[in-house]
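Reader: I am in my first year and would like a close look at one part of this protein, namely its pockets. Could you take me through them slowly, and then place them beside the packed interior?

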Amino acid sequence: MGPFGWILLLLFITAIAIVIANVKVVPQSKAYVIERLGAYYCTWDTGIHVKTPFIDRIAKQVSLKEQIVDFPPQPVITKDNVTMQIDTVVFFQITDPKLFAYGVEKPIMAIENLTATTLRNIIGDLELDHTLTSRDTINAKIRGILDEATDPWGIKVNRVELKNILPPKEIQDAMEKQMKAERQRRESILTAEGQKASQILVAEGQKESQILQAQADKEAAILAAEAEKESKIRKAEGEAQAILKVEEARAKAIDLINGANPGSGYLTIKSLESFEKAADGQATKLIIPSDLQSIAGLAASAKEILK
């Protein structure tokens with residue numbers, strides 16, 4: 001092979017190397033901004049692309065993924081002149097690689113400064129208490145302002161979060177004391193409510209116990225009265241039966257006497273017994289029968305008979 005052949009081979013190898021060097025594969029979630037002779041030419045999406053040697057160049061490689069930027073704490077002053085430190089986290093995504101490449105110099109720094117100034121403006125209209133309790137409102141306001149301001153840069157701000165809000169040390173101490181006092185107040189209220197509920201339950205229990213005791217006493221009195229009534233009834237029935245038995249016995253005795261046809265002597269003796277009982281009583285008057293002498297004679301006769 002002569003010198004001319006070697007030159008052709010060298011040129012061929014060089015051409016192949018140049019072609020290979022200008023074949024580019026754009027990966028997923030990436031975009032390449034291409035310039036031709038120093039001016040914007042096109043944007044390469046995912047896939048294989050070939051650029052013109054010595055004319056085209058890759059000006060910027062852009063990631064289309066959502067990105068997170070954590071900015072350092074920024075000093076802000078509230079409406080009531082309290083200075084505190086607030087750091088923010090911004091979630092954004094590049095939607096237009098061309099605008100991102102040519103819209104603003106150092107876009108991340110621009111977003112940081114815009115976030116800081118926006119945060120100062122919003123916090124400047126709020127007092128300390130509202131600042132600590134209005135995170136969602138502040139986040140929404142900052143996101144809306146940043147999203148509108150970054151549209152010409154090809155950036156979409158998805159959300160903004162206030163990571164930390166750090167008041168001055170003395171205010172933190174005062175807030176801790178206030179929270180401690182509030183916890184103690186709630187504890188006292190809960191304790192008082194518990195004692196109140198306990199006293200109410202005890203009073204209700206005592207009331208219920210008194211009601212039950214009164215009912216028991218009433219029932220016991222009723223049972224005692226019924227028992228006494230039953231006892232009196234039975235006693236009366238017993239006395240009535242006893243009287244009935246005595247009268248029945250007396251009637252039987254009279255029947256027996258009548259059946260035996262008693263003589264005048266037996267009747268005289270019974271009359272004397274009745275007179276003797278009347279004489280032993282407390283009566284102040286005595287009625288003496290007119291035939292006392294005949295009765296006395298009969299008594300003497302009976303005495304002799306009995307001997």
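Author: A pocket, as the word is used here, is an open set of grid points where a 1.4 Å probe fits, with protein on both sides within 12 Å along at least five of seven lines. Please keep in mind throughout that this is a predicted model.

With that in hand, we can turn to the largest pocket, which has a volume of about 230 Å³. Its lining is made up of Leu128, Asp129, Leu132, Thr133, Ala174, Met175, Gln178, Met179 and Glu182. Two helices, α4 (128-133) and α6 (169-260), each supply at least two residues of that lining, and the largest share, five residues, comes from α6. Sorted by class, the lining of this largest pocket holds five nonpolar, two polar and two charged residues.

The second largest pocket has a volume of about 170 Å³, and the residues that line it are Glu35, Ala59, Lys60, Phe100, Ala101, Tyr102, Val104, Glu105, Lys106 and Pro107. The elements giving two or more residues to this lining are β5 (56-63) and α2 (97-102), with α2 providing the largest share, three residues. By class, the lining of the second largest pocket has six nonpolar, no polar and four charged residues.

Now for the packed interior. The largest nonpolar core has 30 residues, and those with the most contacts inside it are Ile86, Leu119, Ile138 and Ile142. At least two residues of this core come from each of β8 (83-94), α3 (107-123), α5 (135-150) and β9 (155-166), while α3 gives the most, with six residues. If we set aside the neighbours of Ile138 within four places in sequence, Ile138 is in contact with Leu119, Ile122, Ile123, Leu126, Thr131 and Leu162. There is also a second, separate core of five residues, which includes Val26, Tyr32, Cys42 and Trp44. As a broader background, nonpolar side chains in soluble globular proteins tend to be buried together.

One further residue deserves a careful look, and that is Asp147, which is found in helix α5. Is Asp147 buried or exposed? Its relative accessible area is 15%, and since buried means under 20% relative accessible area, Asp147 counts as buried. Leaving aside its neighbours within four places in sequence, Asp147 is in contact with Ile155, Lys156 and Val157.

Technical notes. Residues are numbered from 1 along each chain as its sequence is written. This is a predicted model: local features need pLDDT of at least 70, side-chain atom pairs count only at pLDDT 80 or more; totals for chains, interfaces and linings use all residues. Side-chain values use heavy atoms; hydrogens and water are left out. A nonpolar core is a set of buried Ala, Val, Leu, Ile, Met, Phe, Trp, Tyr and Cys residues joined through side-chain atoms within 4.5 Å. Buried means under 20% relative accessible area, exposed over 50%, partly exposed in between (1.4 Å probe, protein chains only). Helices (H or I, at least four residues) and strands (E, at least two) are DSSP runs, numbered from the N terminus. Contact means heavy atoms within 4.5 Å. On a 1 Å grid over the protein atoms alone, a cavity is a set of points where a 1.4 Å probe fits but cannot get out, and a pocket is an open set with protein on both sides within 12 Å along at least five of seven lines; lining residues have an atom within 4 Å of a point. Grid points are joined across faces, edges and corners, and a volume is the space filled by probe spheres set on the points. Ala, Val, Leu, Ile, Met, Phe, Trp, Tyr, Cys and Pro count as nonpolar, Asp, Glu, Lys and Arg as charged, and the others, Gly among them, as polar.
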